[in-house]
Amino acid sequence: MTIVPVSRRTFIKSSTAVSAGLVLSPAIIGRAEAATLKLKCSSSLPNDPKYANGRVYYDNLVKNLKGNGLGEQVEVAFFPDNQLGQEIDVINSVKLGVIDLMVSGSSISANLVPLVGTFDLGFLFSSFPQQTKAFDSGAAKPIEDALLKGGNIRIIAWAYNFGSRSVLARKPVKTPEDLAGLKIRTLPNPVITECLRLMGAAATPLAFGEIYTALQAGVLDGLEHDPPTILASKFFETAKFYALTQHNFSPLAIYFSDMTYNRMDPKLRDGFLDAAKKAAVDTRAHGLAVEKEALAALTEKGVTVAECDREAFRKRVAPQHENFIKARPDSKAVIDIIRATQA
């Protein structure tokens, strides 16, 4: 297991040199793959082995690589906590093959391929198990195909973010009226931003790495995220009211550069992909269990966790689905499968 602290400037400089060497020297590729294949995996979340989905997935991946007999053939270096840059930069690096793997929500890749934003629609999924059933029924395939075609990125597995996304704020929120005027951080993603705006908030897109200082400075009144991430990132230190809006069950994607995929030896690749998929299943189980623990831990740290009028929020957001379908007709088949899937 390799968890590497590194500056982004140093990483980019070394990666550029390595990429140039790979392009110019095909023989080197053969020798490298015959030895140990070294991959880089990025996550924006802290290096927390319990509450951060990136680290949990990484640990499960290492475990399953060893289980598949690949522990000596594949070495994955893990870069947590935005070490390689903000997520929008990292997803572009995955597209270019500079970074091999990225563990993040589906939302960030909607910046490259807008159809992925289908999964960001408010109140689309009812639970994570329902999401898995919908994906197994075919809802994920069009998204995966579009991202590969338009972004040069493969999704090799789906896991769960560690809980549904709800609103953490400086004041209690029970109704859409309570959100009015509150600057709530959203992902820099137009679909999620629109969802929070319809819910009543002054939706404020911001990179993940800038959230804590913005909360400290009063630039934000809160954010929307899952309980373990709020706990691991210590956002509870500046906002004390968590309203269980559960407006988004964001799928966790394991992004894999198509350039890396194509340069791997097929036999090694098959074993790696099998381990990656097993790691996603293990991470799902962990995520479902740890959400409850995180909510209890937040309560212990002085956060008021409360139910809210979810139906009122859902009704406010409902028009978003039909407007999205009008703008992107290819999303209708995906949405229909999800709506038809029972938990």
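## Around L295, α3 and a few loops

L295 touches P227, Y242, L244 and V305, leaving out residues up to four places away in sequence. L295 itself lies in helix α12. The C-alpha atom of L295 is separated by 9.4 Å from that of D226, although the two residues are 69 residues apart along the chain. Keep in mind that this is a predicted model.

**The chain as a whole**

Zooming out, the chain has 15 helices and 12 strands. For 343 residues, a compact globule would have a radius of gyration near 20 Å, and the chain comes in at 20 Å, so the two agree. If you want a box for it, the C-alpha atoms fill roughly 65 × 40 × 35 Å along the principal axes.

Buried residues make up 54% of the 343 residues. Among contacts with a separation of 6 or more, 78% are between residues 24 or more positions apart. As for the surface, the chain exposes about 14,100 Å², with carbon and sulfur atoms supplying 55% of that. On the charge side, there are 40 positive and 35 negative charges, and their mean positions are 2 Å apart.

**Helix α3**

Now for one helix in detail. Helix α3 covers residues 53–67, and its 15 residues should span 21 Å at 1.5 Å a residue; the end C-alpha atoms are indeed 21 Å apart, so expectation and model agree.

How enclosed is α3 by the rest of the structure? Of its 15 residues, 11 are buried, so α3 is largely enclosed. The buried set takes in N53, G54, R55, V56, Y57, Y58, N60, L61, V62, N64 and L65. What covers these buried residues? The cover includes strands β1 (2–3), β3 (74–79), β4 (101–105) and β11 (251–257), along with helix α12 (266–300). That last element is also the helix that holds L295. After α3 comes G69, with a positive phi near 75°.

**Two residues with positive phi**

Most residues other than glycine have a negative phi. D81 goes the other way, with a positive phi near 60°, and N152 likewise has a positive phi near 60°. Where do they sit? D81 lies in the loop between β3 and α4, while N152 is in the loop between α6 (141–151) and β5 (153–160). D81 is partly exposed at a relative accessible area of 47%. N152 also counts as partly exposed, with 24%.

**Q86 and R154**

The loop between β3 and α4 (87–96) is the place of Q86 too. At 24% relative accessibility, Q86 counts as partly exposed, because the buried class stops under 20%. Which residues does Q86 touch, not counting those up to four places away in sequence? They are A207, F208 and G209. The C-alpha atoms of Q86 and E210 are separated by 9.4 Å, with their positions 124 residues apart along the chain.

Next is R154, found in strand β5. R154 is partly exposed as well, at 24% relative accessibility. Leaving aside neighbours within four places in sequence, R154 is in contact with L148, I254, Y255, F256, D258 and Y261. One of these partners, Y255, is 101 residues apart from R154 along the chain, yet their C-alpha atoms are separated by 5.8 Å.

**K315**

K315 is found in helix α13 (residues 310–317). Is K315 buried or exposed? It is exposed, with a relative accessible area of 56%, since the exposed class begins over 50%. K315 and P329 are just 14 residues apart in sequence, but 22 Å apart in space, C-alpha to C-alpha.

Here are the C-alpha pairs side by side:

| Pair | Apart along the chain | C-alpha separation |
|---|---|---|
| L295 and D226 | 69 residues | 9.4 Å |
| Q86 and E210 | 124 residues | 9.4 Å |
| R154 and Y255 | 101 residues | 5.8 Å |
| K315 and P329 | 14 residues | 22 Å |

Definitions and conventions. Residues numbered from 1 in each chain as written. Predicted model: local features only at pLDDT ≥ 70, side-chain atom pairs only at ≥ 80, totals over all residues. Heavy atoms only, no water. Helix = DSSP H or I, 4+ residues; strand = E, 2+ residues; numbered from the N terminus. Rg over C-alpha atoms; globule rule 2.2 N^0.38 Å. Buried < 20%, exposed > 50% of the residue type's maximum accessible area, 1.4 Å probe, protein only. Contact = heavy atoms within 4.5 Å. Areas by Shrake-Rupley, 256 points an atom, 1.4 Å probe, with all protein chains shown as cover. Lys, Arg positive; Asp, Glu negative; His and termini not counted. Charge placed at Lys NZ, Arg CZ, Asp CG, Glu CD. Expected span 1.5 Å × (residues − 1).
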